[in-house]
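Hi,

Here is the structure I promised to pass on. Have a look at it first, and my notes follow underneath.

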Amino acid sequence: MIQLFNVCKSYQKDSAALNNLCLKIPKGDFVYITGPSGAGKSTLLKLLYCAEKPNRGQILVNGQNITRMRASRIPLLRRSLGIVFQDFKLLVSRTLFENVAFPLEVQGKKRYEISNKVYQALKHVGLHKKIHHYPLQLSGGEQQRVAIARALVVDPLVLLADEPTGNLDFEVTLEIMDLFKGANARGTTVLVATHNREMIRNFPRRVIALENGRLVDDSTP
């Protein structure tokens with residue numbers, strides 16, 4: 001599903017965000033990407049959804065070499081990905097329905113299909129009764145659940161989550177992780193970048209540890 005071959009990424013001459021990274025993540029895997037701040041966790045995810053390009057190396061996602069992908073084809077790749085950010089990135093001037101519907105509209109889905117899928121996605125995260133609310137009317141945990149609904153509404157092959165529980169209390173973290181586990185059980189490959197060791201202890205999965213842009217550990221409980 002995801003393969004990285006000797007991937008290097010630098011933002012400055014003397015500083016490597018990722019250094020000769022080699023990884024293989026099979027379809028349907030659930031993986032934590034861990035490490036201290038600056039280890040390269042966010043950079044790795046950005047490379048996978050083509051927000052950044054590596055300086056060297058090859059990256060394959062679902063059999064496609066995304067390092068050689070034309071810019072015009074990147075939106076098509078992203079249609080198969082779900083992305084969850086720590087700061088939610090919801091459109092505050094749009095309702096929950098409109099936020100979750102947005103990726104389906106980009107895909108050109110018909111209106112009746114959009115309405116059904118958005119309702120089901122919000123119901124799945126327990127927010128269908130607030131479908132016409134706006135993001136700023138919700139708590140932080142509720143906003144993150146909307147962001148997850150938006151990521152999952154497209155039935156992604158891969159779900160990428162960058163510190164998705166960083167600003168949330170432990171009870172909400174448990175709810176978020178249950179949603180990720182459910183997506184993984186339905187066949188989605190899940191990558192979660194996090195430094196939350198308590199979450200990893202409570203939901204043990206494969207752990208890929210980075211430090212100074214290098215792979216320092218790859219273990220499965």
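Which element gives the largest share of the lining of the second largest pocket? The answer is α4, with 4 residues. (Helices and strands here are DSSP runs, helices being H or I with at least four residues and strands E with at least two, numbered from the N terminus.)

Before the rest, some housekeeping. This is a predicted model, so local features need pLDDT of at least 70 and side-chain atom pairs count only at pLDDT 80 or more, while totals for chains, interfaces and linings use all residues. Residues are numbered from 1 along each chain as its sequence is written, and side-chain values use heavy atoms, with hydrogens and water left out.

Pockets

To finish with that second largest pocket: about 240 Å³ of space lies in it. (A pocket is an open set of points on a 1 Å grid over the protein atoms alone, where a 1.4 Å probe fits and protein lies on both sides within 12 Å along at least five of seven lines; lining residues have an atom within 4 Å of a point. Points are joined across faces, edges and corners, and the volume is the space filled by probe spheres set on them.) It is lined by 13 residues, and His124, Leu152, Val153, Asp155 and Arg186 lie nearest its centre. Two elements, α4 (111-124) and α5, give two or more residues to this lining. By class, the lining has 7 nonpolar, 3 polar and 3 charged residues. (Nonpolar covers Ala, Val, Leu, Ile, Met, Phe, Trp, Tyr, Cys and Pro; charged covers Asp, Glu, Lys and Arg; the others, Gly among them, are polar.)

The largest pocket holds about 520 Å³ of space. Its lining counts 18 residues, with Arg78, Ile83, Phe102, Pro103 and Arg150 closest to the centre. Here α2 (74-78), β6 (81-85), α3 (96-106) and α5 (140-152) are the elements that give two or more residues. The class split is 11 nonpolar, 3 polar and 4 charged.

The four-stranded sheet

One open sheet has 4 strands in the order β2-β1-β4-β5, with antiparallel pairing. (Strands pair if DSSP finds at least two bridges between them.) Its edges are β2 (15-25) and β5 (64-65), each of which pairs on one side only. Further in, β1 (residues 2-12) and β4 (residues 56-61) are antiparallel over 5 bridges; among the partners in β4 are Gln58 for Phe5 and Val61 for Ile2.

β4 also pairs with β5 over 2 bridges, again in the antiparallel sense, and Leu60 has Asn65 as its bridge partner in β5. These two strands make a hairpin with 2 residues between them, and Asn62 in the turn has a positive phi of about 55°. Helix α1 (residues 41-48) lies across β1, β2 and β4, at about 115° to β1. (Angles run from 0 to 180 degrees between N-to-C directions of lines fitted to C-alpha atoms, for helices over the stretch in contact; contact means heavy atoms within 4.5 Å.)

The six-stranded sheet

The other open sheet has 6 strands in the order β6-β7-β8-β3-β9-β10, and its pairing is mixed. β6 and β10 (214-219) stand at the edges with a single partner strand each, so one side of each has no neighbour in the sheet. On average, neighbouring strands are turned by 15° against each other, direction ignored. β3 and β8 (residues 189-193) run parallel, joined by 4 bridges, and Ile33 stands opposite Ala193 in β8. α5 packs on this sheet, touching β6 and β7 (158-162), and its direction makes about 165° with that of β6. Helix α6 (residues 170-185) packs on it too, touching β3, β7 and β8, at about 135° to β3.

A long-range link

There are 9 salt bridges in the structure (a side-chain nitrogen of Lys or Arg within 4 Å of a carboxyl oxygen of Asp or Glu). One of them joins Arg206 and Asp29, at 3.2 Å, N to O. Arg206 lies in β9 (residues 206-211) and Asp29 in the loop between β2 and β3 (30-34), so this pair ties together parts 177 residues apart in sequence.

Cheers
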